[in-house]
Structures are given as C-alpha cells and as structure tokens.
Amino acid sequence: MQAGVFIGLDWGSTHVRAWLFDEQGKVLAARRTGAQGAPEERLAALVEGWPDRPMLACGMVGARGGWLEVAYASAPGGPAEVAVTATRPPGVIDLRIVGGVAIRDSNGRLKDVMRGEETLVFGIDLGRDSLVILPGTHSKWVEAGPGGITNFRTYMTGDLFAALSAHTALARSIASEADALGAGLDDGLRQGLAGALTASLFALRVADLDGRSDPAEARRRLSGLLIGDEIRQGLSAAPDRPVVLVADAPLDRVYARGLMLAGIDAVQRIPADEAAQRGLFRLWRHLSC
C-alpha cells in the first residue's frame with residue numbers, strides 16, 4: 001500500500017466511510033463500517049493496517065451526542081470557513097473534526113443546520129449558482145455556487161417515510177421491503193408534486209381495503225408521495241437554477257424520476273461517495289495551507 005498523506009472520514013449517524021488519500025487527492029484505499037460503539041474503538045478498527053496519517057472527519061461525529069460537539073460555520077461560506085472549525089478530540093493526536101454549516105437569523109439564532117452534507121457540496125465543481133439536492137433521512141436542498149453555500153433547507157422525508165410506514169395505520173398496508181422502482185412510484189410522485197399530501201396518504205389505506213393495491217406497490221406510492229412533495233417545495237423555494245443531484249442508487253434514480261415529472265430534465269447526477277471524497281480533500285488542502 002502506498003503511504004498516503006491523510007485519511008478522510010465521512011462519519012454519519014449510521015455508518016462511517018474512510019479513504020486514504022495521496023497528495024493529489026487520489027484514493028489509495030477505502031473502507032466502510034457501522035457507526036455504533038465507542039468512537040475511539042470504531043476508528044481504530046476502521047484504519048487498522050493503514051499508515052499512521054493525520055485524519056479529518058466530517059458529519060455527525062461532530063454533533064451534540066457525537067464524539068465531540070464542534071461549532072458550526074455560518075453560511076454563506078465555503079471550505080475555508082468550515083476548515084476553521086476543525087477541532088481535535090481530547091486524547092486523539094491526529095484527528096480533526098469539522099463542524100458543518102448553519103443558517104442563522106439576524107439575531108444569530110439557528111434556522112437550519114447540516115453536518116456532512118456541506119462536504120459533499122464542496123466536492124462539486126459549480127461554475128454558477130446552482131441548486132444541489134442531497135436526498136436522505138433529512139434531505140438537504142442547498143443553494144450554492146463558486147463561492148460556497150449561500151442557503152439551504154432541510155426536509156425530513158426519510159424520517160417521515162420510516163415513521164409512516166412502520167408506526168401508523170398505514171403500516172398494515174405497506175410492505176416492509178420493496179424495490180424502489182416499479183408500480184405505484186410514478187403515481188405517488190405525481191400526487192406529491194400536485195400537493196394535498198395528508199389526504200393522499202390515507203388514500204393508501206383505502207386502496208388496500210378496497211383490494212386495489214398490494215403492499216409493495218403501496219410502499220413505492222408512499223415513497224413517491226413524500227419525495228414528490230419534497231421536490232414540489234424545494235423547486236418552488238429556489239426556482240430557475242441548474243439542478244445537481246448528489247445521491248447513490250436507488251435514491252438517485254427515484255429523485256431523477258421525480259424531477260423529470262416536475263419538468264426538470266437537465267440534471268447533473270454525482271455519486272455521493274465521489275462528492276464526499278473530493279470535498280474532504282478540498283477541506284484538507286485548506287487545513288494544510
């Protein structure tokens with residue numbers, strides 16, 4: 001294995017991705033593991049056998065309840081502003097954690113926050129002001145450009161899907177698992193894009209009672225409803241911007257389909273791993289200057 005110059009970590013609430021980088025930003029080695037357990041032990045196991053190199057981490061590892069709570073940088077801002085927040089946890093010599101980005105009101109109060117998603121945005125080459133969509137448990141719709149992040153909004157689409165499909169009356173009508181693409185998805189996306197979300201949700205239960213829907217189709221319809229509603233709101237809040245979608249399969253395909261149904265055909269699509277790697281390397285370069 002080549003020596004490398006640093007280790008970058010995208011440390012979320014459920015999993016950790018690690019990459020060993022050379023001086024040009026090339027990934028020499030990669031690993032992934034769960035985020036549960038003591039962070040020191042998790043980190044040691046993740047980089048075992050790799051060269052002893054400085055480490056840089058982004059994501060929920062720097063949140064309240066993470067390894068160490070790190071202050072947010074305030075938008076507008078780019079990699080330089082986030083790199084300033086980098087903090088070392090006690091007892092760990094060569095790890096620095098960055099603190100994410102916050103939107104604040106005129107009184108300095110938090111309006112919205114992100115941890116980890118900003119690094120993916122920094123990994124995109126934006127030649128002009130764009131709308132960057134980062135689907136997930138808490139989807140982020142980010143207004144960004146060559147100077148960095150200017151504004152963003154969070155949609156709890158993934159959390160809502162998990163709660164509605166498992167802990168409401170809809171749970172009796174919805175399969176616990178199903179392919180993301182298939183019958184029901186487009187109908188759900190169209191209904192979500194049209195609005196009237198809450199009334200459309202109970203229609204899922206009614207269709208099941210009437211024998212007009214199977215559980216797998218209902219699961220896709222629910223996903224489409226929530227994602228369609230998110231897309232409707234997100235596009236209306238920041239219209240007329242080029243759209244960049246940062247996601248892995250199958251979410252990238254579902255969101256791309258929803259955007260197409262909303263009339264957005266020209267969408268730049270970037271895998272999340274690729275954006276995270278480039279973003280971590282750009283943050284590292286600001287720390288190394």
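Let's start at threonine 85, which touches Val70, Ala71, Tyr72, Ala73, Ile97, Val98 and Gly99, leaving aside residues up to four places away in sequence. Keep in mind as you look around that this is a predicted model. Threonine 85 sits in the loop between helix H2 (79-83) and strand S6 (95-97). Is this residue buried or exposed? Threonine 85 has a relative accessible area of 14%, and because anything under 20% counts as buried, threonine 85 is buried. One of its neighbours deserves a second look: the backbone nitrogen of glycine 99 lies 2.9 Å from a polar atom of the threonine 85 side chain.

Now move to another loop, the one between S1 and S2, where you will find glycine 12. Glycine 12 has a relative accessibility of 23%, and it counts as partly exposed because this value falls between 20% and 50%. Not counting residues up to four places away in sequence, glycine 12 touches Ala35 and Met60. How far apart in space are glycine 12 and glycine 127? Their C-alpha atoms are 28 Å apart, and 115 residues separate the two in sequence.

Next, let's turn to a pair of strands. Strand S10 (residues 139-145) and strand S11 (residues 148-155) pair in the antiparallel sense, with seven bridges. Two residues lie between S10 and S11, and together these strands form a hairpin. To find one bridge for yourself, look for alanine 144, whose bridge partner in S11 is isoleucine 149. Here is a handy thing to know when you view strands: in a regular strand the side chains alternate between the two faces of the sheet.

Finally, let's look at the empty spaces. Rolling a probe the size of a water molecule over the atoms shows where such space is left. The largest pocket holds about 950 Å³. Its lining has 33 residues, and those nearest the centre are His15, Glu117, Pro135, Gly136 and Thr137. Which elements each supply at least two residues of this lining? They are strand S1 (6-11), strand S2 (15-21), strand S8 (110-114), helix H3 (117-122) and helix H9 (272-288). By type, the lining of the largest pocket has 15 nonpolar, 10 polar and eight charged residues.

The second largest pocket has a volume of about 460 Å³. Among its 19 lining residues, Gly158, Phe161, Ser223, Ile227 and Leu251 lie nearest the centre. Two or more lining residues come from each of helix H4 (157-167), helix H7 (215-237) and helix H8 (251-261). The lining of this second largest pocket divides into 10 nonpolar, six polar and three charged residues.

Note on methods. Residues numbered from 1 in each chain as written. Predicted model: local features only at pLDDT ≥ 70, side-chain atom pairs only at ≥ 80, totals over all residues. Heavy atoms only, no water. Helix = DSSP H or I, 4+ residues; strand = E, 2+ residues; numbered from the N terminus. Buried < 20%, exposed > 50% of the residue type's maximum accessible area, 1.4 Å probe, protein only. Polar contact = N/O pair within 3.5 Å; in protein donor to acceptor, adjacent residues only side chain to side chain. Contact = heavy atoms within 4.5 Å. 1 Å grid on protein atoms, 1.4 Å probe; cavity = no way out; pocket = protein on both sides within 12 Å on 5 of 7 lines; lining within 4 Å. Points joined across faces, edges and corners; volume = space filled by probe spheres on them. Nonpolar A, V, L, I, M, F, W, Y, C, P; charged D, E, K, R; others polar. Pairing = 2+ DSSP bridges.
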